[in-house]
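Please find below a colleague's note, set out as numbered points. It is best read with the sequence and the structure in view.

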Amino acid sequence: RLPVTDVLTRRRVRPSLRSTGRPGWSLLVLVIAALIASPVIAVSVHAVGQGRPDLPHGVGAMTLTTLWLLLAVAVGTAVLGTGLAWLVSAYEFPFRRTLGWLLVLPLAMPAYILGFVFLSTFDFAGPVQTTLRDAFGDDFGPLPVRSLGGAAVVLTLTLYPYVYLMTRAAFAEVAPTAYDAARTLGASRARAFRAVLLPLVRPSLAAGLALVLMETLTDFATVQYFNVRTLSVGVYLTWKASFDVGSAISLAVLVLMFAVAVLGLERVLRGRARFHQRHGRGRGLERRRLTGWRAVAATTSAM
């Protein structure tokens with residue numbers, strides 16, 4: 001005879017095993033995952049099969065340019081997205097509710113469209129430089145807008161909503177209790193934000209930055225429009241211009257390595273942090289009402 005506890009344990013375990021066994025769904029998930037990963041698998045297999053990688057000329061410059069672009073866009077989106085999320089979450093100013101939703105709209109606009117508008121406005125023949133030449137004379141030199149910095153500005157203005165959405169949700173979920181405790185202990189609003197809230201929203205910030213870096217890494221139209229030669233542009237030009245499939249695949253492997261590095265960086269930045277608030281009332285931060293020029297500045301900044 002089996003002990004009563006063993007019988008009860010077996011009776012509890014067996015139904016759960018039957019309920020979790022779904023071989024049909026598991027097979028379907030594996031098939032879908034294989035289809036999605038097939039381009040990556042094909043590139044990796046071809047790269048391994050060709051032996052010594054045949055890298056095109058200028059791959060070092062393209063790699064360095066890609067690194068600088070990723071760094072510039074990461075810093076820009078982190079500052080802009082987190083700052084706007086804190087502004088909308090912690091302060092009350094005119095049109096705050098409307099602007100809180102409108103700040104997400106750049107995700108609906110392709111980056112190269114914003115790049116076209118940016119260059120039409122700030123390029124040599126655009127209204128900004130034309131006005132500057134009328135004011136300071138024809139000797140006023142052209143502004144370097146068609147460059148790495150211009151591409152970074154456009155990508156930052158297009159991709160910051162990823163960070164904005166993530167950090168704003170984190171502020172609403174984990175911020176109120178910790179923020180109120182810091183304020184009760186005498187910390188100023190700025191110090192409570194830096195010392196308490198930023199570490200709490202670090203996992204959300206890291207996830208948003210990972211999405212931003214992936215989008216930046218795979219962008220082709222915007223950076224080419226700004227005459228910036230990244231690895232993604234190098235893959236296209238090497239394949240279409242010289243029909244060198246081996247070199248194009250070698251560059252594609254470098255892009256995959258960058259993607260893996262971005263995922264690893266996200267894990268490092270996030271660490272083991274898992275912040276959530278249980279049994280919270282969901283009231284959010286107590287917003288401070290801005291008046292006068294501060295309210296006008298906040299509305300203008302959010303616009």
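**Notes on the predicted model**

1. F118 is a buried residue, its relative accessible area being 16%. The limit for this class is under 20%, so F118 at 16% falls within the class. It should be kept in mind throughout that the model is predicted.

2. The ring of F118 pairs with that of F122. Their centres are 4.9 Å apart and their planes meet at 40°, an arrangement classed as tilted. Both residues belong to helix 5, where four residues, or about one turn of the helix, separate them. Unlike the buried F118, F122 is partly exposed, with 31% relative accessibility.

3. Which residues form one aromatic cluster with F118 and F122? The other members are F116, Y225 and F226. Across the whole structure, five aromatic pairs are found.

4. Another of these five pairs joins W86 and F171. The ring centres are 5.5 Å apart and the planes lie at 65°. Planes over 60 degrees apart count as edge-to-face, so this pair is edge-to-face. W86 is in helix 3 and F171 is in helix 7, so the pair ties together parts that are 85 residues apart in sequence. Both partners are buried: W86 has a relative accessibility of 9%, and F171 has one of 0%.

5. Helix 3, which spans residues 59-90, also contains T66. Is T66 buried or exposed? T66 is buried, with 4% relative accessible area. Leaving aside residues up to four places away in sequence, T66 touches L217, T230, L231 and F258.

6. How many salt bridges does the structure hold? There is one, formed by R146 and D123, whose closest N and O atoms are 3.0 Å apart. R146 is in the loop between helix 6 (127-136) and helix 7 (148-184), while D123 is in the loop between helix 5 (111-122) and helix 6, so the pair ties together parts that are 23 residues apart in sequence. As general background, side chains of opposite charge can pair when their charged atoms come close.

7. Both partners of the salt bridge are partly exposed: R146 has a relative accessible area of 33%, and D123 has a relative accessibility of 21%. The charged end of R146 also sits over the ring of Y225, at 5.5 Å from the ring centre. Y225 belongs to the aromatic cluster described in point 3. R146 therefore takes part both in the salt bridge with D123 and in the contact of a charge with a ring of that cluster.

8. N227 deserves a separate remark on its backbone. This residue has a positive phi of about 60°, although it is not a glycine. Where is N227 found? Its place is the loop between helix 10 (221-225) and helix 11 (231-242). With 59% relative accessibility, N227 is exposed.

9. Finally, some totals for the protein follow. Its secondary structure consists of 13 helices and two strands. Of the 303 residues, 36% are buried. Among contacts with a separation of 6 or more, 80% are between residues 24 or more positions apart. The accessible surface is about 18,700 Å², and carbon and sulfur atoms account for 66% of this surface.

Notes
Residues numbered from 1 in each chain as written. Predicted model: local features only at pLDDT ≥ 70, side-chain atom pairs only at ≥ 80, totals over all residues. Heavy atoms only, no water. Salt bridge = Lys/Arg side-chain N within 4 Å of Asp/Glu carboxyl O. Buried < 20%, exposed > 50% of the residue type's maximum accessible area, 1.4 Å probe, protein only. Contact = heavy atoms within 4.5 Å. Phe/Tyr/Trp six-rings, centres within 6.5 Å; stacked < 30°, edge-to-face > 60°. Lys NZ or Arg CZ within 6 Å of the ring centre and 35° of its normal. Areas by Shrake-Rupley, 256 points an atom, 1.4 Å probe, with all protein chains shown as cover.
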